[in-house]
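Q: Hi! Could you walk me through this structure in plain words?
A: Happy to. Let's put it on the screen and start with the surface.

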Amino acid sequence: MALTKEDGSIVSGADTYANVDDLRAYATKRGATVPADDDDCEVLLISAMDWLAAQSERWKGTKVQWDQPLDWPRYCVVIGGYELPSDEIPADIVKAQCQLAIDSQTIDLQPSVDVASQQGPVVEKTVDVLSVKYADPAVNRSSSWFAKASGFLSKYFAAGANQVKLVRG
């Protein structure tokens with residue numbers, strides 16, 4: 001398998017922002033381990049790319065071309081009062097993909113969840129007319145949150161977590 005890296009020039013068939021060399025350099029600087037086999041690293045990078053692609057409605061700005069293969073590069077992205085170049089991929093996006101690739105070695109970045117099975121038991125206590133219900137704290141009902149990757153990405157999202165981007169028409 002060979003990845004096609006987007007460099008900001010809207011590369012035909014691009015499927016990643018980071019390549020194996022980027023992943024290895026990122027991991028080395030942080031003392032993280034990645035597989036020795038390049039193909040295994042590419043699988044991790046694609047898994048991370050799938051997660052990033054799922055964020056497509058959250059990014060600031062707009063795609064440079066409506067039919068470009070990936071969400072970046074983008075127009076009208078302002079960070080800290082400065083508009084980012086529309087022909088580059090921000091280094092933080094590459095770092096986030098690398099971090100997500102590392103994370104994907106130990107956790108499914110986009111797990112399929114059967115919500116009905118995640119509800120867990122409810123404990124109820126009634127004293128006289130007062131009734132209190134407690135959910136099982138051992139059951140995780142939320143999706144995964146990736147702190148390191150989110151640290152790189154948060155400034156590129158149009159709205160914060162649990163917020164919806166509204167546009168007047």
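Q: How much area does the protein expose, and what share do carbon and sulfur atoms supply?
A: The protein exposes about 10,700 Å², and 52% of that comes from carbon and sulfur atoms. Accessible areas come from the Shrake-Rupley method with a 1.4 Å probe, and for residues only the protein chains shown count as cover.

Q: Where do these values come from?
A: This is a predicted model, where local features need pLDDT of at least 70 and side-chain atom pairs count only at pLDDT 80 or more, while totals for chains, interfaces and linings use all residues. Residues are numbered from 1 along each chain as its sequence is written, and side-chain values use heavy atoms, leaving out hydrogens and water.

Q: OK, how many helices and strands are there?
A: The protein has 4 helices and 6 strands. These are DSSP runs numbered from the N terminus: helices are H or I with at least four residues, strands are E with at least two. The order from the N terminus is α-α-β-β-β-β-α-β-β-α.

Q: What share of the residues is buried?
A: Of the 169 residues, 32% are buried. Buried means under 20% relative accessible area, exposed over 50%, and partly exposed in between (1.4 Å probe, protein chains only).

Q: And helix α3, is it mostly covered or uncovered?
A: Mostly covered: 11 of the 13 residues in α3 are buried, including Ile93, Cys98 and Leu100.

Q: What covers them?
A: The cover includes α1 (20-30), α2 (38-53) and α4 (147-153).

Q: Switching topic: where is Trp72, and is that residue buried or exposed?
A: Trp72 is in the loop between β1 (62-63) and β2 (74-75). Trp72 is buried, with a relative accessible area of 2%.

Q: What does Trp72 touch?
A: Not counting residues up to four places away in sequence, Trp72 touches several residues, among them Tyr17, Trp59, Ile93 and Tyr156. Contact means heavy atoms within 4.5 Å. Tyr17 is 55 residues away along the chain, yet the two C-alpha atoms are separated by 8.5 Å.

Q: Last one: what about Arg74, which is buried?
A: Arg74, in strand β2, has no salt bridge, and the nearest side chain of opposite charge, Asp71, is 4.4 Å away. A salt bridge needs a side-chain nitrogen of Lys or Arg within 4 Å of a carboxyl oxygen of Asp or Glu.

Q: So what does the Arg74 side chain reach?
A: The side chain of Arg74 reaches the backbone oxygen of Asp71 at 2.9 Å. A polar atom of that side chain also lies 2.7 Å from the backbone oxygen of Lys60.

Key: Lys, Arg positive; Asp, Glu negative; His and termini not counted. Polar contact = N/O pair within 3.5 Å; in protein donor to acceptor, adjacent residues only side chain to side chain.
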